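Here is a small set of exercises on side-chain contacts, each with a worked solution. Have your viewer ready and try each task before reading on.

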Amino acid sequence: MKKYSDKEIAEIEKSYNELIQSVGESMTLEEVGYVRKAYELCCLKYDGKQMHSGRPMMLHVLEVAKISCSEMGMHSKTVVCALLHNITQVTDVTFDEIKEQFGERVALILKGLVKVRSLNMTQISTQPDTFRKLFLSMIDDIRVVMLIIAHCLSDCRHQEDIDMEGGVDKFFEITKYLIIPIVHRLGLYNIKKDMEEAVMIHENPKEFAEIKEKITMSHVKQEEKMANFLLPIRQELSREGFDYTIKWRTKSIPSIFAKMKAQNVSFEQVYDLFAVRIIINNSRIKDEKSDCWKVYSIVTNLYQPNPQRLRDWITKPKASGYESLHTTVKNGVDWVEVQIRTSRMDEIAETGNASHWSYKSSGDKHQSPDAWLNQIRNILEDTNQLYFNSLDDKRAAKGKSDKIYVITPQGEVKQLPLGSTVLDFAFEVHSQVGCHCIGARVNGKMQPIRYVLNNGDRVEIQISKKQTPKADWLNYVNTEKAKSRIRRFLKDEEMKEAELGSSIFHRKLKNWKISFNDKIFNELLKRYDCESGIEFYNKIATEQVDFADLKAYILSQTEEKDSRPEHADEEVRKDKPIDNEADAMTIGSNINGFAFKMAKCCNPIPGDNVCGFVNVGGGITIHRITCKNAIAMKKRYPYRLVDVKWQGDVPSRAIIKVVAKDSFGVLSDITEVMKQMEINIIDASMGTRNGLYEGRFVVNMTSVNYLEQLIRRLRLLDNVTEVQRID
């Protein structure tokens, strides 16, 4: 096996010594020994192994460890994990061996790291917020996040080392949409700046180079301009007795580029290119706020401030612990951002609060690692921060979420309640997918519809056209969406059965030549223990009712048997009003518990003489008795005819045609009549031909009498020549 060269070994040892120097002051000798133990295991197992670029892998893991310690303030356990972060994937070392040598917590952190790095993030640019939720919800120990950040920063600095599915493009997409927002939230602004520059150099190299060149070319001019700007500020600060440090810089290239795009301006037109930082070195803790405001007064007395650009993060610090007072003031034609803070605030702002929490509270007392980690988690999940304002999965005190995030084969993330099953996920994908679901392949293994999903599962639903929802499916789902879809399907199936049962029942009555009315129907519901007509018709369709028994019972309830001749059904009925027929079924909110609809061919409304036809596909259709279709159906299907009558107001539609002389305001006059009569227009079509206006109106109507009243009033309008109801 290939071994590292002497030169590479010397470079590795140098890097390790730099690591020990950076941790020396913050770790005990025992903790340093703990780190040394991990380093020696890496030297043994990584010897000869290289990154994608050919760089020794040991240099990579040492760099990740140095970043986690010196740039992020992590402690010994995280540094050990940084050294070992790849070891189970590229060597023969197992998690059991890690647990035995370094403890259970290190093994769990490394397992969590492997788990989140295996996430399919092909659609992260289209679902950044959802992926951040998924990412954080899968992490039990927040140190996994810190290791991901350290690893990402190392790769940004050594892009030639990147070896991942999707290549460099995918790496920078993940960095941009996942890692940078988390880094921003933690207040690791130096790391954020390095990552943003790396992303911009990859995505917009030409623009990066152009802005960098313009900054470099104008450096001398900038120096002179800023010296003149700062001179009166320095004089006033010294006069007030402040021990201070002033730094200034041109804003970062990605920040300038973002402003140029957002404001659609050139480099020269960017509002505030420069940022000045005034650091108060001699401020006591109790005087920090008042000292910052004193400096603010000095600056704004010298230069005109923009009140809308005042940012007060000393009265209410950011969740990350960032404290500073920001203002923007005018210097000639330029605007300059001024940041005012104390040396303590500046130290936190430079490296992020994580490094200063390092198991320390506001005093010198140590706090537990769990308390420190919880602080970081709370920052990442604080929903009051705009940067993560859509991260709404608040966790309980133990850090457990009430949601899970599941991934489709295409890489899309679906959010579900905790305890959701394969069936819940299927309905979340699509109602039809849910209805035909027979199981799923979860992380490559087949599982039944009732299988409870876990966070981060990759789920591929299996379907069959023969599969349909069953009543017991309601026991296997947790989401309201799935429950409502299943109930709707079962209800639809119940209605279909009822419609079939109704058709069978009424055909039997015709064949038996038995008269029938509401009173007898209500008695039937009682006899067969049914709460509604739908339930009764379902029993008919599913053969739960004996027809011989049914016939005998109806005959026993009928006082007068039908005396019609044997072939009465073949006679064509005469059109006549049926309002007073005792045995006619009534049209109300339903027909004896059965669904009905108005025929579109004749649009019957209350007051019309009507009849009903039982549909083979289900329900009863109401026709006017003068309707040509109704007359034809009476001859062909007399056994499907049902006598019906109106009862109460039944919302119906009528169509009227209005013809008038094409004159100004005629349409307004027509609609005004309808408005006065409180008639709702459902649809309307209008046109002119040969000097005549013709309008067709579909209106809601409650009775024939009211329709006739509308027609009479429209005929009285000036210029109206014709008004009639049409089918």
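At 17% relative accessibility, aspartate 47 falls in the buried class. Keep in mind throughout that this is a predicted model.

**Exercise 1. Find the salt-bridge partner of aspartate 47, and say which parts of the chain the pair ties together.**

Solution.
- Step 1: The side chain of aspartate 47 meets that of lysine 3 in a salt bridge, with 3.7 Å from N to O.
- Step 2: Aspartate 47 belongs to the loop between α2 (29–46) and α3 (57–71), while lysine 3 sits in the segment before α1 (6–23), so the bridge ties together parts 44 residues apart in sequence.
- Step 3: Lysine 3 has a relative accessible area of 51% and is exposed, whereas aspartate 47 is buried.

**Exercise 2. Classify lysine 66 and glutamate 18 by accessibility, then describe their salt bridge.**

Solution.
- Step 1: Buried means under 20% relative accessible area, and lysine 66, at 19%, counts as buried.
- Step 2: Glutamate 18, at 36%, is partly exposed.
- Step 3: The two side chains form a salt bridge with an N to O distance of 2.8 Å.
- Step 4: Lysine 66 is in helix α3 and glutamate 18 in helix α1, so this bridge ties together parts 48 residues apart in sequence.

**Exercise 3. Check the salt bridge of aspartate 346 and lysine 247 against the distance cut-off, then find the network around it.**

Solution.
- Step 1: The nitrogen and the carboxyl oxygen must lie within 4 Å; the closest N and O atoms of this pair are 4.0 Å apart, and the pair is counted as a salt bridge.
- Step 2: Aspartate 346 lies in helix α16 (residues 343–351) and lysine 247 in strand β1 (residues 244–250), so the pair ties together parts 99 residues apart in sequence.
- Step 3: Aspartate 346 is buried at 8% relative accessibility, and lysine 247 is partly exposed at 39%.
- Step 4: Through shared partners, salt bridges join Lys247, Arg277, Arg341 and Asp346 into one network.
- Step 5: For the overall picture, the count comes to 27 salt bridges.

**Exercise 4. Give the geometry of two aromatic pairs: tryptophan 293 with tyrosine 296, and phenylalanine 505 with tyrosine 537.**

Solution.
- Step 1: The whole structure holds 10 aromatic pairs. One of them, tryptophan 293 with tyrosine 296, is edge-to-face, at 5.3 Å centre to centre and 80 degrees between the planes.
- Step 2: Both of these residues lie in helix α15 (residues 288–302), three residues apart, about one turn of the helix. Tryptophan 293 is partly exposed at 30%, and tyrosine 296 is buried at 16%.
- Step 3: The ring centres of phenylalanine 505 and tyrosine 537 are 6.1 Å apart with planes at 55 degrees, so this pair is tilted.
- Step 4: The second pair links distant parts of the chain, 32 residues apart: phenylalanine 505 in helix α21 (residues 480–512) and tyrosine 537 in helix α23 (residues 533–541).
- Step 5: Phenylalanine 505 and tyrosine 537 are both buried, and together with Tyr528 and Phe536 they form one aromatic cluster.

**Exercise 5. Which rings does lysine 318 lie over?**

Solution.
- Step 1: Lysine 318 is over the face of tryptophan 313, at 4.4 Å from the ring centre.
- Step 2: The charged end of lysine 318 also sits over the ring of tyrosine 322, 5.1 Å from its centre.

Notes:
Residues are numbered from 1 along each chain as its sequence is written. This is a predicted model: local features need pLDDT of at least 70, side-chain atom pairs count only at pLDDT 80 or more; totals for chains, interfaces and linings use all residues. Side-chain values use heavy atoms; hydrogens and water are left out. Helices (H or I, at least four residues) and strands (E, at least two) are DSSP runs, numbered from the N terminus. Buried means under 20% relative accessible area, exposed over 50%, partly exposed in between (1.4 Å probe, protein chains only). Rings of Phe, Tyr and Trp (its six-membered ring) pair if their centres lie within 6.5 Å; planes under 30 degrees apart count as stacked, over 60 as edge-to-face and the rest as tilted. A charge sits over a ring if NZ of Lys or CZ of Arg is within 6 Å of the ring centre and within 35 degrees of the ring normal.
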